[in-house]
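Here are some worked exercises to go through with the model open beside you. Try each task before you read its solution.

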Amino acid sequence: MKRRKITALFMTTALAVSVLGGCGGGGSDSDAGKGSVANDSTETGGSAASSKGDGDVIEFTAFFAVPGAEKNDDNEIKEIIAEKTGAKVKETWLTGQTASEAVGTIVAGGEYPDFIDGGDAMKTLYDAGALVAWDDYIDKYPNIKEYYSDEEWDKFRQDDGHIYWMNQFNNIYGEDKTTTHNDEAFWVQARVLEWADYPQIKTLDQYFDLLTSYAEANPTMEDGTKNIPYTILCEDWRYFCLENAPQFLDGYPNDGSVIVDPEGPTIVDYNTTDTAKRYFQKLNEEYHKGNVDPESFTQTYDEYIAKLSTGAVLGMCDQWWDFAFDVHDVFKQQGLDTIGCNYVPLGLTIDEGMENQWHTTGGTLNVASGLGITTSCQDVDAAFQFVNDLLGQEVHDLRYWGVQGVDYDVDENGMYFRTEDQRMNAADTAYKASHLCDYSYFPNWKGSSRDGKNAMWPEEQTSEFLDSLAEPVAKCFEAYGVSTYPEMIGSVDKVGEWFPMYSFSNTMTTETPGGVAWTKMGEVKHEWLPKVVMADDFEDGWSQYMEVYNAANPQDFLSEMQAELDRRVGK
Amino acid sequence: MGILKERWRGEGMARTGAKANEKKITWKEVKRQKVLLIWSAAIVIYGIIFYYLPLGGWITAFQNYKPKDGLFHSKFVGLDKFKFLFSDDTFIKVVRNTVAMGVINLVVTFVMAIVFAILLNEVKNTFGKKTVQTISYLPHFLSWIIVTGILHDVLSGTGIINEVLMKLSIVDQPINFFAHTTYFWPIVAFANVWKETGWNAIIYLSAITAIDPSLYEAASMDGAGRWAKIKHITLPGIRPTIMILLLMNVGNVLNAGFEIQYLLGNGLVKSVSETIDIYVLKWGISQNDFSLGTAAGIFKSLVSIILIVIANQMAKRAGEERLF
């Protein structure tokens, strides 16, 4: 009897300890389980390009420090890819935290997923020694090697001389087929342009005139929802929607954290320019006239997306990737695309007659972040093999086009196309979770397919793009005499070799005075930009803001940026 | 009512009397209490592993800790991190916010719970009483993410509060509650009251049940009304409970919260919404300065210990119940 009591006691203690340790222990358990499977298949995984199903599928884990939609465990295309490559990945995404918080937590715990993209916090992972160096592997995997030129690979080298990650996006294979403007712009709904009979909108003032006169003439949508002329997303890092427009309005490209004046070249702070002041003054005026959504500065990202999805927001400044995939899919499902709710970009500048650089061509290489493989990964070779396989044309088609005959069809010339039903499926959240598997944060190609005819992405297939355009958008393009989004905004191909500078500022840490200044500047702007826009007396608000801003020592930051710029242009 | 006071004193005396009666520790006694000893050993071990060993991590506050170098190879920097901390305006502001919200929450939730318990106790209809009690403590089981979601909806420009205010013509424009620093602390206090009052009242309700009914009967005989009974019997009856809970909560003042401020805050109200915990998260985790985060954590723990000791001493002086 007594013995049983003691046993029970130990059981309870053990249970308690295992429950409490569960958070940390969970990872290692699954790692151990995976390790044994991984060992079995090392030979097959390491040698052949695609070791076709010998039953053992390696299951990797991945964490991406951006919000994303989870795939179902039995996702159909994931299974097909697993059959072809012998591996699959359980992807997890950011929920409710910022990227650096999530990565910081992972680093503090010391247990990593196999693959990781830490976003802005990539440097943190490197500093923590969490990443595997790629140098010995790149040459072994042709598809990976092919992804970047040697010079481009060199740009990824960290201060210890090794490569730890590769950026997965914006790389163009063969001919550039860009049809979307995957960047920032002042967006406006097609119905607004149609109502105003397609005027030329070149400046911020004209833009707001357009939005407000439309809202006056049409206070509500057909279903009675009140039209919101302009809203601003300011949550956490996404406050770029409010913050960085002055660089574009001044006619410069998206260096992200600074303007680079090609004369010199020198770094210019876009927070303090006259253009910045005029931009915020304009927002202030419109805010007090009631044209800027009063919830702008308090809404969360989810609330913002929900608001856009109603179709009631006439315009905003944002990056295409930050809203379009979610919102336009909802429009399609709800039929809002047919009444012209879809957004088209406008290449605004502060004054008329300036050239704009909202759109830059030729792909943008952001070396600050990317996909890394961690030291917790049990079978690094298999991991590289999997990335390599994902870049193969067959798997790439599966990722972005889907299954032939189900998600797309092929015509007699070998051109891929989709029917309206297939397009509708591709915009359906449930279908995306259960059937489509694009492994979106693994490296992928833009541009043209290796078959020389098709595009890597359906969106970039000219015929498919034109067929899938919502009718009001197509009409709008026709009215302006353009055929794609980049043409709509006016694209420029002349950015300097330093571009983009944000790939440096994103890696700054509080180790250096510049990094501390950069953090503090961000904190000040987060608090003061909304205040300035809401201020009853703009001039007063602006001068208070400037005072606090200067107290954050922006000069420390700017001089470190200048040093990096000089390094990049080889001065 | 003098008799009553005596009664409470008497109880206290009986308790101190028990101390003098302590048995000597003999092997026989140890054997007899074997099971109990094993149990307590397990708990002590648990305490050491989960409460004391992690304190070793405090060393990082005096280092420039890098995850790569670990605890043993990071460079010691003395009190540098603390110096940075106290010269940082943000930190001072954050401490102010934490203390302010902590005190407001403590006072409001504390008072509300006692008032609510007493009111509930006065309800004679058992069914009504039980129903209200159940409904009122349910919010305790909601996580903050849900509560903040509800708050966001309710207080939004088109939310019910603004609708009502507009309908009653109290305001002509919806109030944007989350855009003004003045509203933030009251919103947090309200949320805490809404969520925890019912739950906190349970302990007082049970304390009230323990009061000898004959006291009430006696009071009625003396002609005491409801109000007098509350004042002279119920409140003194639960005073020891109130004191102990107050003491424990004083130590918690700096735990003014993390989730609610984190989830409800935004750039505009940052200057009043950020608490020490958020600061630790921001610098310790996001900026990867674990040492600074630890230093802020140590500061918080020290202040909490000091607060609880002071409160305990004061309770001792006043001759009230105390923790130690």
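Domain bounds here come from an automatic or database domain assignment. This is a predicted model, in which local features need pLDDT of at least 70 and side-chain atom pairs count only at pLDDT 80 or more, while totals for chains, interfaces and linings use all residues. Residues are numbered from 1 along each chain as its sequence is written, chains are lettered from A and ligands numbered from 1 in the order in which they are written, and side-chain values use heavy atoms, with hydrogens and water left out.

**Exercise 1. Split chain B into its domains and say how they are placed.**

Step 1: start with the bounds. Domain 1 of chain B covers 25-78 and domain 2 of chain B covers 80-317.

Step 2: get the spacing. Taken over C-alpha atoms, the centres of domain 1 of chain B and domain 2 of chain B are 31 Å apart.

Step 3: look at the contact, meaning heavy atoms within 4.5 Å. Domain 1 of chain B puts in 11 residues, and these touch 9 residues of domain 2 of chain B.

**Exercise 2. Is chain B more spread out or more compact, set against the globule rule?**

Step 1: count the elements, using DSSP runs numbered from the N terminus (helices are H or I with at least four residues, strands are E with at least two). Chain B has 16 helices and 2 strands.

Step 2: apply the rule. The radius of gyration is taken over C-alpha atoms, and the globule rule is 2.2 Å times the number of residues to the power 0.38. For the 324 residues of chain B the rule gives 20 Å, but the radius of gyration is 25 Å, well over that, so chain B is more spread out than a compact globule.

Step 3: add the box. Along the principal axes, the C-alpha atoms of chain B fill roughly 75 × 70 × 35 Å.

**Exercise 3. Describe the burial and surface of each chain.**

Step 1: fix the terms. Buried means under 20% relative accessible area, exposed means over 50%, and partly exposed is in between (1.4 Å probe, protein chains only). In chain B, 38% of the 324 residues count as buried; in chain A, buried residues make up 56% of 571.

Step 2: turn to area, from the Shrake-Rupley method with a 1.4 Å probe (for residues, only the protein chains shown count as cover). Chain B has an accessible surface of about 19,100 Å², and 67% of that belongs to carbon and sulfur atoms. Chain A exposes about 23,200 Å², with 49% supplied by carbon and sulfur atoms.

Step 3: check the contact range. In chain B, 67% of the contacts with a separation of 6 or more are between residues 24 or more positions apart. In chain A, 74% of the contacts between residues at least 6 apart in sequence join residues at least 24 apart.

**Exercise 4. Map the domains of chain A.**

Step 1: chain A has 27 helices and 17 strands. Domain 1 of chain A is put together from 30-175, 366-416 and 426-447, and domain 2 of chain A from 184-357 and 469-568.

Step 2: the contact takes 12 residues from domain 1 of chain A and 10 residues from domain 2 of chain A. Their C-alpha centres lie 31 Å apart.

**Exercise 5. Buried or exposed: where do L211(A) and G174(A) fall?**

Step 1: L211(A) sits in helix 11 (residues 204-217) of chain A. Its relative accessible area is 1%, so L211(A) is buried.

Step 2: list what L211(A) touches. Leaving aside neighbours within four places in sequence, its contacts are V188(A), P229(A), Y230(A), L314(A) and G315(A).

Step 3: G174(A) lies in the loop between strand 5 (171-173) and strand 6 (184-189) of chain A. With 58% relative accessibility, G174(A) counts as exposed.

**Exercise 6. Find the backbone oddities in chain A.**

Step 1: recall the background. Most residues other than glycine have a negative phi, and most peptide bonds are trans.

Step 2: pick out the cis bonds. One joins G264(A) and P265(A), with omega about -20°; another joins F499(A) and P500(A), with omega about -5°.

Step 3: look for positive phi outside glycine. D236(A) has a phi of about 45° and is partly exposed at 33% relative accessible area. N553(A) has a phi near 55° and lies in the loop between helix 26 (538-551) and helix 27 (554-568) of chain A.
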